[in-house]
Amino acid sequence: MSLETLHKEMSERLKDLVPEVEIRHKAELVHEINQLKAERNAVILGHNYMEPALYHFIPDFAGDSLELSRKAAETDRDIIVFCGVEFMAETAKILSPDKTVLIPSDKAGCSLAESITAADVRALKERFPGVPVVTYVNTYADVKAESDYCCTSGNAARVVEALDSDTVIFLPDEYLAKNVARETGKHIIFPSVVSRAGSEFQTEMDYQMIGWKGRCEVHEQFTVEDIEKIRSQYPDVVILAHPECSPEVTAAADYSGSTSAMIRHVEKTQAPRYLLLTECSMGDNIIAAHPNKEMLRLCSVRCPHMNQITLEDTLNALKYTRYIVEVPEDIRIRAARAVERMSQIG
Ligand code: 13P
Ligand code: SF4
């Protein structure tokens, strides 16, 4: 596609979201990225939280963590450029060890991934021997390597229910764990808190899930008061909350699901207006694709890690083959087992 046609398409799609002066510059970057992508036999995967110009114009596939991990496993290109955060790019490397996996910024972390180490998981396994460990994909490869199964927000309850075990260690997101416990009717404990109180809980309590106190720094900000305020102003609003929000927030919302599940819900329903309790860019991305949907904004909330991934850096990733994602082979093999077990469950 010529630069002029691309510019026209981008202006049309992004007209209410990006100032026209910026669109020309972004169109030039997108044009160069797409040319280089073809020359280098690369595939670009983009998470639903990417900013609209990037999200709508450069990825070969866009989606939630689960969908992108599947695409990463299937690709036959030489290079995967992952427009998302580090744990996602690592998952791509875990599943496609022979490909060069690039992440455009080396500063795209995640508060959940930072919340737990492989040593923490080993300590929990010693404390609760024989209990299967389910780890959210929002963790680094060495943590996945200590786990029996991975899960994403799209299949967490399914993975927990598929296990033939009365008890599950579910790490590291406190709120996702509580949401899964509620969905599956399980009773959850957080052992570090209980042990500080010094009680002899291990053999006496009736628990089926053992959690960890990690949190997403974006989703923990949404409150039930936010929901009440918006509903009092707009009684007909449909509110969607990501399962990394607190269980009080997901219970007060109308729908909860992974980022792609929320997008699909907006696409297939006809509410007068919607509010997404998740990272801000997703609302913009939906507006760009469906200008007649009304999306309310509660938008002080941009993930500082996802925000690191820009068109400029994506171009530089392809130009300079940076930043290369590496996972030591012994860790990769064990982490791949946990990710593949998740994929078998679905
Ligand atoms: P999804 O898997 O639902 O896309 O979520 C990823 C994420 O980082 C949410 O904060
Ligand atoms: Fe991590 Fe939250 Fe950002 Fe997702 S939105 S990458 S969970 S900090």
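In what order do the 5 strands of the open sheet with parallel pairing lie? Let's find out in the first view, keeping in mind that this is a predicted model.

**View 1. A sheet of 5 strands.** The order is 6-5-7-9-8, and the pairing is parallel in this open sheet. Strand 6 (149-151) and strand 8 (188-189) are the edge strands, so look for each of them pairing on one side only. Strands of a sheet pair through backbone hydrogen bonds, either parallel or antiparallel.

**View 2. Strand 7 beside strand 9.** Here we look at two neighbours from that sheet. Strand 7 (residues 168-171) and strand 9 (residues 209-210) run parallel and are joined by 2 bridges. To find your way, start at isoleucine 169, which stands opposite isoleucine 210 in strand 9.

**View 3. A sheet of 4 strands, with a helix packed on it.** This open sheet has the strand order 2-1-3-4, again with parallel pairing. At its edges you will find strand 2 (61-63) and strand 4 (100-102), each with pairing on one side only. Ignoring direction, neighbouring strands are turned by 20° against each other on average. Helix 4 packs on the sheet and touches strand 1 (42-47), strand 2 and strand 3, while its direction makes about 150° with that of strand 2. Over 3 bridges, strand 3 (residues 79-83) pairs with strand 4 in the parallel sense. Valine 81 has leucine 102 in strand 4 as its bridge partner.

**View 4. Two helices that cross.** Helix 5 (residues 86-95) and helix 18 (residues 329-345) have axes that come within 9 Å and cross at roughly 100°. Because of that angle, helix 5 is roughly perpendicular to helix 18. By class, their contact has 5 nonpolar, 1 polar and 3 charged residues. Helix 5 brings Thr91, Lys93, Ile94 and Leu95 to the meeting, and helix 18 brings Arg332, Ala335, Ala336, Val339 and Glu340.

**View 5. The largest pocket.** How can we spot a space that holds no atoms? Rolling a probe the size of a water molecule over the atoms shows where empty space is left. The largest pocket has a volume of about 360 Å³. Its lining counts 22 residues, and Ser153, Gly154, Glu183, Ser256 and Gly257 lie nearest the centre. Several elements supply at least two lining residues each: helix 4 (65-74), helix 9 (156-162), helix 10 (174-184), strand 11 (255-256) and helix 15 (259-268). Helix 10 gives the largest share, 5 residues. Sorted by class, the lining has 8 nonpolar, 8 polar and 6 charged residues.

How values were computed
Residues are numbered from 1 along each chain as its sequence is written. Chains are lettered from A and ligands numbered from 1 in the order in which they are written. This is a predicted model: local features need pLDDT of at least 70, side-chain atom pairs count only at pLDDT 80 or more; totals for chains, interfaces and linings use all residues. Side-chain values use heavy atoms; hydrogens and water are left out. On a 1 Å grid over the protein atoms alone, a cavity is a set of points where a 1.4 Å probe fits but cannot get out, and a pocket is an open set with protein on both sides within 12 Å along at least five of seven lines; lining residues have an atom within 4 Å of a point. Grid points are joined across faces, edges and corners, and a volume is the space filled by probe spheres set on the points. Ala, Val, Leu, Ile, Met, Phe, Trp, Tyr, Cys and Pro count as nonpolar, Asp, Glu, Lys and Arg as charged, and the others, Gly among them, as polar. Axes are lines fitted to C-alpha atoms, for helices over the stretch in contact, and angles run from 0 to 180 degrees between N-to-C directions. Angles under 35 degrees count as roughly parallel, over 145 as roughly antiparallel, 65 to 115 as roughly perpendicular and the rest as oblique. Contact means heavy atoms within 4.5 Å. Two strands pair if DSSP finds at least two bridges between them.
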